[in-house]
Amino acid sequence: MEWAPVIISLKTASVSILITFAIGTWLAYLVCRIRKDSVRSTIDAILTLPLVLPPTVAGFLLLYIFGSYRPLGELLGEIGVRIVFNWQATVIAAVVISFPLMYRSAKAAFVQVDPIFMQAARTIGLSERRIVFRILLPLAAPGLASGGILAFSRGLGEFGATALIAGNIPGVTRTMPLAIYSAVVGGRTEEAYRYVVILILVSFIFVWLLSFLTDRRTTRQRSGERTPRL
Amino acid sequence: MSISARIVKRFRGFALDVDFESESKALGILGASGSGKTLILKSIAGLVTPDEGRIAIGERVIYDSAAHVDVKPQRRGVGYFFQSYALFPHMTVQENIGIAVNPADDDDRSQSEIVSCLTERYQLAGLEHRYPANLSGGQQQRVALARIFASRPEAVLLDEPFSALDSYLRGNMQDELLRAMEDYQGQFILVTHSCDEAALICDTIITISGGKITSRGGVDKAFDVCGGCRALGKGSTRPSSEANDCFMRP
């Protein structure tokens, strides 16, 4: 078994979650502030689309944007940046595909923050900026964390869009999901097993972390009261 | 100093249209639920934008639809006591109070000095590092009051401050508020549906109904409007049934 796919996958997922977390949270905040319902719904739908479309559609569109013979691809090529079939492409694919999970979690987290806290913050004189960083983000933190972990795990498992825009180049763009595909196609079932186990383990650890962190937080804030069990 | 407000705000099936000016230390706005009293407070605080009108604290105009003045809530200098206190659940008592202190307007005293003075004043010493969820209702109220005064408002608006309390806490809170009013320069506006509370705290009372002011004046006058409330202190008029709230004095 090669370790390169494991390292590439972790590297891709780590870099892409930083981008996804920042952009997803920021766009969720901006969308929440849009007053006009029709505009908000439209933008919301567009930002959610990668979640429901097959990743190959996203990958196809990304190729269309970043392809070496497309305007943007050519422009980037002139400054010496080639995205397609490069490691960066795995990051772009992971960001696009995992983005809706972050965005939707962040939006839900912002919406459930009681507006009364923001009103109270305004009447005691906090600037809008401080309200975002001292009130809104901390109160939305459990939701943001869960969105971040979901998006990270999704990025780790990204296959379709990655295959289209980044290809399956061993040691460069071959992530674990692609390595599993190649191993199965090549009849190396043993190797596929190993990647499968690693992916399940890593994903489980992060998702477990998610439940653990969110539970602990509510316990601290609600004085000994247990998380309600149904 | 005086607070003057003319507020017009229309909704489907309801219109708020009030005009009042108050010089008194504590103005009570008395009305049933749905009469628009909270809307008045929110308009003054800048949490709701009226359709038209003019609001001024002393000489300072904070809202004027004709002149397109709409000062941000942050700059209105108006403290707001929320019925549910609205303490920040992720901050300790100390942080809740401290965040309201604007360091810019305190050259002589540091933020921590102001916070410790306020915790002392509101009997919160020893609770500084607790989270609101770990405080009793009475303690939460005191934190809410301390936080409001930490922001040095020129006027304090109280939205049904006693309605969520049992009678024991209510008495405590009323004492607390009266004490706060004694050592605080600014004006208070109290919204309530209880004649009793209004009479205890306020020196002027406006009654409103259906978004309109139905009476204004001293405490006695409002009590007339409440219907037979004079019985509380003076004669022996039998209470009318609508005014039961006024007679629930322990």
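## A:I135 and the interface of chains A and B

In this predicted model, A:I135 is in contact, once its neighbours within four places in sequence are left aside, with A:F117, A:M118, A:A121, A:L126 and A:R130 of its own chain, and across the chain boundary with B:F88, B:H90, B:M91 and B:I99. A:I135 is also, together with B:F20, one of the two residues that touch the most other members of the largest nonpolar core, which has 113 residues. Helix 7 of chain A, spanning residues 128-156, gives the most to this core, with 10 residues. Apart from that core lies another of 13 residues, including A:A58, A:A89, A:I92 and A:A161.

The interface itself brings 22 residues of chain B into contact with 23 residues of chain A, and the two chains bury about 2,000 Å² between them, 65% of it on carbon and sulfur atoms. On the side of chain B, the residues that lose the most area to chain A are B:Q74, B:H90 and B:I99, which together make up 30% of what that side buries; B:H90 and B:I99 also appear among the contacts of A:I135.

Polar pairing across the interface is summarised below.

| Pairing between chain B and chain A | Count |
|---|---|
| Salt bridges | 0 salt bridges |
| Polar contacts, both residues at pLDDT 80 or more | 3 residue pairs |

Helix 1 (37-45) and strand 7 (78-81) of chain B each supply at least two residues of the side that touches chain A. By class, that side of chain B has 15 nonpolar, 5 polar and 2 charged residues.

Conventions:
Residues numbered from 1 in each chain as written. Chains lettered and ligands numbered in written order. Predicted model: local features only at pLDDT ≥ 70, side-chain atom pairs only at ≥ 80, totals over all residues. Heavy atoms only, no water. Contact = heavy atoms within 4.5 Å. Buried area = accessible area lost by both parts, 1.4 Å probe. Salt bridge = Lys/Arg side-chain N within 4 Å of Asp/Glu carboxyl O. Polar contact = N/O pair within 3.5 Å; in protein donor to acceptor, adjacent residues only side chain to side chain. Helix = DSSP H or I, 4+ residues; strand = E, 2+ residues; numbered from the N terminus. Nonpolar A, V, L, I, M, F, W, Y, C, P; charged D, E, K, R; others polar. Core = buried A, V, L, I, M, F, W, Y, C linked by side-chain atoms within 4.5 Å. Buried < 20%, exposed > 50% of the residue type's maximum accessible area, 1.4 Å probe, protein only.
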